[in-house]
Amino acid sequence: MQFSSKLPHVGTTIFTTMSKMAADYNAINLSQGFPNFPIDPILEEIVRSKTGENVHQYAPLSGLPNLLEKISEMIFNQYNRKIDPSSSLLVTAGATQAIFTTIQALVHKNEEVIILDPSYDCYESPVILAGATPIRIPINKDFLPDWDKIRSSVSDKTRLIITNNPHNPSGTVWKKKDILELEKLVLDFPNLVVLSDEVYEFISFENKHISVNSSEILKDRSVIVSSFGKTFHITGWKIGYVVAPEFLMKEIKKVHQFLVFCVNSLAQASLAEYMNHIDVSTLGRFYQEKRDAFREQLKNSRFELLPCEGTYFQLGSYVNVSDESDVYFAKRLVIEHGVATIPLSVFNANGDDRKILRFCFAKDDKTIQQATEKLCKI
Ligand SMILES: Cc1ncc(COP(=O)(O)O)c(C=O)c1O
C-alpha cells in the first residue's frame, strides 16, 4: 500500500521521553507539567457522591447547563465580562481539544497561523492538518512578544495568531503594553482572529495576568481557551472550556460536534458542584509559595534562575555548569543526578538552545526539597 504520513515530522515528544526516562532511572520528575499532590478532598467527595446520581449519559453538546452557568459566573467575577453561556461557551476535553477544534473550525487551506516561539507543542500540527501554514516567530529574549516582528509577519493570508499568556515554558506574564499591542494589531487587520491560550489564567504572581476577556477590543475578536486541569489540579481529567463570540463559536461547535460531541458528564457534574466551594483567585498564592520555596532552595545552586511571574514552571540556566546541548544535558541530569526536566530548545521551531531547562514546581514540599537537594549538588 502506498501511504504517506500527514505529520511526517512528528515523533515521540520530549515530554514522553523525559517522563519515561524519569521512570526508568527512578528520577524525580519535574519534566511534564502535572501536580503530584492529591486533589482537593472536597472534589473527591463530590465525585464520589455524583457517581450515585443520574449523570452518566451524554451531556448537551456545549456542556451541562449548570457548569456553563458556573463558568460564566467565574468569568464575570474575575474579569467583569458578561457572556451568554448558551452562545459563547463550550466545555471541551481539555485545552488541547479546544485548540485543535478551534483551528479546524476557523483556519482554511493555504491560510497562515502565527505561533510565537518558544511555544507549547499542540499548536503546530492542527494548523498543518488544516492545510494551512504555521509561521513561527521567536519572541524576545525576555520572553515577551516582539510586536514589530509579529506585525511584519501578518498578511492577508493570516487567519489566526496563537498567544499564550501566562506563558509556558517561560513563566512570563504579559504587561499591559502587550495587550495594547495585540489590540492595535487586530484593529489594523480586520480578518485576524486571536486564539488566546490562557490555561494558566489563575496562576500569576506579582505581575497579575490580564485576560483577553477584560479587553473590550479583543473579546469580540478572540477565542479564549482554558483548562480545569491546571486550575483544579486534575490534568488527567482532560476538561476545559472555550469562550468565543457567537459567530466564531457557531463554527467551533460544528467541529466539536463531530470530534467528541460532548464531554465526560461525571466530570462536568462534579465540577459544576465543586465550583460552589472554591475561589480560583487563591490559586496564584498557592503556587507562589511553591515557586518561592523552589527558588529559595536553589539559591546556592549553580543554576541561574530566570524570573517566574506565572504558571508552575521555572526556567533555569546551566551556563555555569556545562556547555552541552540542553537536550543532552537534560538527559544526563536524569541519568547521573536523578532529576528529569525539559530542555527549552524543544519549544523552538529553530531549535534555539540557550542552555536553559524548564522545571515544573507543581509538586509537594517533599518532592521539591528532594529535587532541589539533588540540583544543589551539581
Ligand atoms: C500552554 C498550554 N496549553 C495547553 C495545554 C493543554 O491543556 P489540557 O491538558 O487541558 O489539554 C497545556 C498543558 O500543559 C499548556 O501548558
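This note covers the pockets and cavities of the predicted model.

1. The model is predicted, with local features requiring pLDDT of at least 70 and side-chain atom pairs counted only at pLDDT 80 or more, while totals for chains, interfaces and linings use all residues. Residues are numbered from 1 along each chain as its sequence is written, and side-chain values use heavy atoms, with hydrogens and water left out.

2. The largest pocket (on a 1 Å grid over the protein atoms alone, an open set of points with protein on both sides within 12 Å along at least five of seven lines) has a volume of about 530 Å³, a volume being the space filled by probe spheres set on grid points joined across faces, edges and corners. Its lining (residues with an atom within 4 Å of a point) comprises 27 residues, of which G33, T96, Y120, K230 and K238 lie nearest the centre. Helix α5 (a DSSP run of H or I, at least four residues, numbered from the N terminus) gives the most to this lining, with four residues.

3. The second largest pocket holds about 440 Å³ of space, and V10, T13, D121, R136 and V346 lie nearest its centre among the 20 lining residues. The elements giving two or more residues to that lining are α1 and α6 (124–129).

4. For cavities (sets of points where a 1.4 Å probe fits but cannot get out), the search of the whole structure finds two of 30 Å³ or more. The largest cavity, of about 110 Å³, is lined by 15 residues, with L116, P118, I139, N164 and H167 nearest its centre.

5. The second largest cavity has a volume of about 40 Å³, and its lining residues include W174, E198 and H209.
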